[in-house]
Amino acid sequence: MTKKIKFSIIIPAHNEEKYIGKCLDSIVAASKGYTNQVEIIVVLNRCTDKTEEIANSYHCITLRNEDKNLSKIRNAGAAIANGEIIITIDADTQMSEDLLTNVEQLLASGNYIGGGANGKFERMSLGIVVSALLLIVPLLFKYGAISVGIFWCYKKDFIAINGFNENMLMAEDADFAKRLKDYGKRSSKKWGTIKNGMTTSCRRFDTYGDWGLLKNPKVILAYLNGSDQNYANKTYYDNQER
C-alpha cells in the first residue's frame with residue numbers, strides 16, 4: 001500500500017542551475033526516513049537555463065510560472081501540493097538532514113502552528129553580519145520575532161491564512177510568518193524555530209560586497225515597503241544575485 005504524502009516541499013526557481021542541485025541533495029538526505037512520503041515541487045519561474053532538466057533528474061514535480069511575484073510563485077506550488085505538510089525553501093538554500101523529522105515532531109505535538117528555521121551562510125564575515133542586522137532589525141520592529149528562510153506548517157493552516165500575500169513583492173516571507181504566528185495564537189499554538197535548520201548561499205554578497213546593505217540602505221526601505229514593483233524587479237526579480 002502506497003503511503004500518503006506527508007511533505008510537499010516547494011521550491012521557487014528562476015534560473016537556479018548553479019544552486020538547485022545542492023538544495024535537492026539536501027532534501028533527498030532529509031527524506032531518508034520518509035520513503036514515498038515526500039514530493040518536491042519546483043516552480044519554474046521564467047527559466048532559460050538547465051533548472052528544469054536538473055529538477056527532472058531528481059523526479060521533481062514541475063510547473064511553469066511567469067509572475068514576478070514570489071508570493072504567487074509559492075502559492076502556485078502549494079495549490080498542487082498533495083502533502084499534509086507544506087514546506088517552502090529557496091533554491092540556493094540547503095536544509096539540515098534532520099529538518100523533516102523536527103518538523104514532523106513539532107507539528108505532531110499540537111503545540112505549534114508552524115514556523116521557520118535559522119542557520120548559517122556558506123561563509124561569514126563582519127560585513128555580512130552587519131548587513132544582515134541592518135535588514136533584520138527593522139523587519140523585527142515591523143513583523144515581530146519570527147524566523148524565515150524555510151517555512152513549515154500543515155497545508156490546512158496554509159490555506160486558512162490564504163498562503164503568501166500576493167500584494168507583497170518583497171518581505172513576503174516575513175509577512176507570511178507574522179500572519180501564521182498570529183493565526184496560531186487563536187488556538188494557543190506557538191511559532192517554532194528549528195535551530196541550525198539550513199545553510200544558504202552568499203550570492204548577493206559575492207556580487208555586491210559583504211557591506212552592500214550599508215552602502216545601499218534604499219534596499220532596506222524597499223523591503224519595509226514591500227509593494228514597489230519597479231524596485232522589486234530591480235533588486236530581486238530581474239537580478240539573479242538576489
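## A tour from the whole fold to Ser131

Of the 242 residues in this predicted model, 50% count as buried, meaning under 20% relative accessible area with a 1.4 Å probe and protein chains only as cover. Local features need pLDDT of at least 70, side-chain atom pairs count only at pLDDT 80 or more, and totals for chains, interfaces and linings use all residues. Residues are numbered from 1 along each chain as its sequence is written, and side-chain values use heavy atoms, without hydrogens and water.

**Start with the whole chain.** Show the C-alpha trace. Along its principal axes it spans about 55 × 45 × 30 Å. The radius of gyration is 17 Å, which agrees with the value near 18 Å for a compact globule of 242 residues. That radius is taken over C-alpha atoms, and the globule rule is 2.2 Å times the number of residues to the power 0.38.

**Switch to cartoon.** Eleven helices and eight strands appear. These are DSSP runs: helices are H or I with at least four residues, strands E with at least two. Now turn to contacts, heavy atoms within 4.5 Å. Of those with a separation of 6 or more, 80% join residues 24 or more positions apart.

**Select helix H5, residues 126-143.** Ser131 is found here. Ser131 counts as buried because its relative accessibility is 0%.

**Expand around Ser131.** Leaving out residues up to four places away in sequence, Ser131 touches Phe205, Asp210, Trp211, Gly212, Leu213 and Leu214.

**Finish at Asp210.** Draw a distance from its backbone oxygen to the side chain of Ser131. A polar atom of that side chain lies 2.7 Å from the Asp210 oxygen.

Technical notes
A polar contact is a pair of N or O atoms within 3.5 Å; within protein, one must be able to donate a hydrogen and the other to accept it, and residues adjacent in sequence count only if both atoms are side-chain atoms.
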